[in-house]
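Work through the exercises below with the model in view. Each task is followed by a solution in steps.

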Amino acid sequence: MAAPLLVLDDVRKVYTRGRVIRRPTFTLQANLSLDEPDIVGVVGPNGAGKTTLFEMMTGSNAPTSGRVLVAGTDIHGVKYRERDRLAIHYHQSYQVRRFRKRIPSAFLAPSPTRTPLVHLFDEPQFNLQDGYIGFMLDFFRKLRDEGRLVVLCMHPTAAWHLDILAEIAGRFLFVAGGGVTRMADFGALVAEPRFRSYLGPEMTKAADRFVTELFPSRPNAEKSDHRRIRWPIRTPSFSLAANGDRPIRAR
């Protein structure tokens, strides 16, 4: 039986402040397993720890305790230059995050894979140019269909951001209050009171409209397979490696 693609095994990150007495200023805890290829949406208030979560998942920020396993391998025990062969973190401008080096790489293990199994997109800069969003969503589906796990973090400030999440993500993680909560689908996410409070009244109304489209008969119905794909596809304005391999890095 294959190992889950991503496991956060009682992961805890604590930031502290103070020269003599170190007092905690931020804590994030997560204990979850994402077993199969999928597209997972991540949302939560500013400062909740979404980027910290991504950094721990990709090995660039060591957890205070716990382990991050990618296909059974502890990513924080892998050589720094090879960690993006397991999981890769794209920041807003599609730059790849750098690693914080604490242990000499010679003492770390090589990556067991050559190309990333987990792709984390941290608030990518979607725009409304004709076909651009369609291309990106199609690319995410291509990665999933090739056996990868795609994790997409968004901070919805417009209704079309919610539309993207509703259309593309199969499940969700809500980051808030120092923890990470799994949500089975978009309907479950929108029903979460903390998420509704985070969105505010107007955005919550938009989210409810998308839930009605996805689950037309009842709140807990299965997602409709006939929902119209809203975003047509065009050629991208940046280069990606062929055949699902690692993207060409921006320097």
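**Exercise 1.** Determine how many residues of helix 3 are buried, and name them.

Solution. The model is a predicted one. Helix 3 covers residues 159–168. A residue counts as buried when its relative accessible area is under 20%. By that cut-off, 8 of the 10 residues in helix 3 are buried, and the helix is mostly covered. They are His161, Leu162, Asp163, Ile164, Leu165, Ala166, Glu167 and Ile168.

**Exercise 2.** Describe how helix 3 packs against helix 6, and decide why the pair counts as roughly parallel.

Solution. Start with the residues that touch. From helix 3, Ala159, Leu162, Asp163 and Ala166 take part; from helix 6, Met203, Ala206, Ala207, Phe210 and Leu214. Next, take the geometry: helix 6 spans residues 201–214, its axis lies 9 Å from that of helix 3, and the angle between the two is about 30°. Angles under 35 degrees count as roughly parallel, and helix 3 and helix 6 are therefore roughly parallel to each other. Finally, the crossing of helix 3 past helix 6 is right-handed.

**Exercise 3.** List the contacts of Leu162 beyond its neighbours within four places in sequence, then place Leu162 in its nonpolar core.

Solution. With those neighbours left aside, Leu162 is in contact with Pro156, Phe186, Phe195, Leu199, Met203, Ala206, Ala207 and Phe210. The largest nonpolar core has 40 residues, and Leu162 is one of the four that touch the most other members, together with Phe140, Phe186 and Phe195. Helix 2, residues 132–145, gives the most to this core, with 8 residues. A second core is separate and has 31 residues, including Leu8, Phe54, Val151 and Leu173. In soluble globular proteins, nonpolar side chains tend to be buried together.

**Exercise 4.** Examine helix 1: which of its residues are buried, and what phi does Gly59 take?

Solution. Helix 1 runs over residues 50–58 and is mostly covered, with 8 of 9 residues buried. The buried residues are Lys50, Thr52, Leu53, Phe54, Glu55, Met56, Met57 and Thr58. Among these, Phe54 also belongs to the second core. Gly59, just after helix 1, has a positive phi of about 90°.

**Exercise 5.** Summarise the whole chain.

Solution. Count the elements: the protein chain has 6 helices and 10 strands. Then take burial: 48% of its 251 residues count as buried. For the surface, the chain exposes about 12900 Å², of which carbon and sulfur atoms supply 49%. Last, of the contacts with a separation of 6 or more, 70% join residues 24 or more positions apart.

How values were computed. Residues numbered from 1 in each chain as written. Predicted model: local features only at pLDDT ≥ 70, side-chain atom pairs only at ≥ 80, totals over all residues. Heavy atoms only, no water. Buried < 20%, exposed > 50% of the residue type's maximum accessible area, 1.4 Å probe, protein only. Helix = DSSP H or I, 4+ residues; strand = E, 2+ residues; numbered from the N terminus. Contact = heavy atoms within 4.5 Å. Areas by Shrake-Rupley, 256 points an atom, 1.4 Å probe, with all protein chains shown as cover. Core = buried A, V, L, I, M, F, W, Y, C linked by side-chain atoms within 4.5 Å. Axes fitted to C-alpha atoms, helices over the stretch in contact; angles between N-to-C directions. Parallel < 35°, antiparallel > 145°, perpendicular 65-115°, else oblique. Left-handed = near helix turned anticlockwise from the far one by under 90°.
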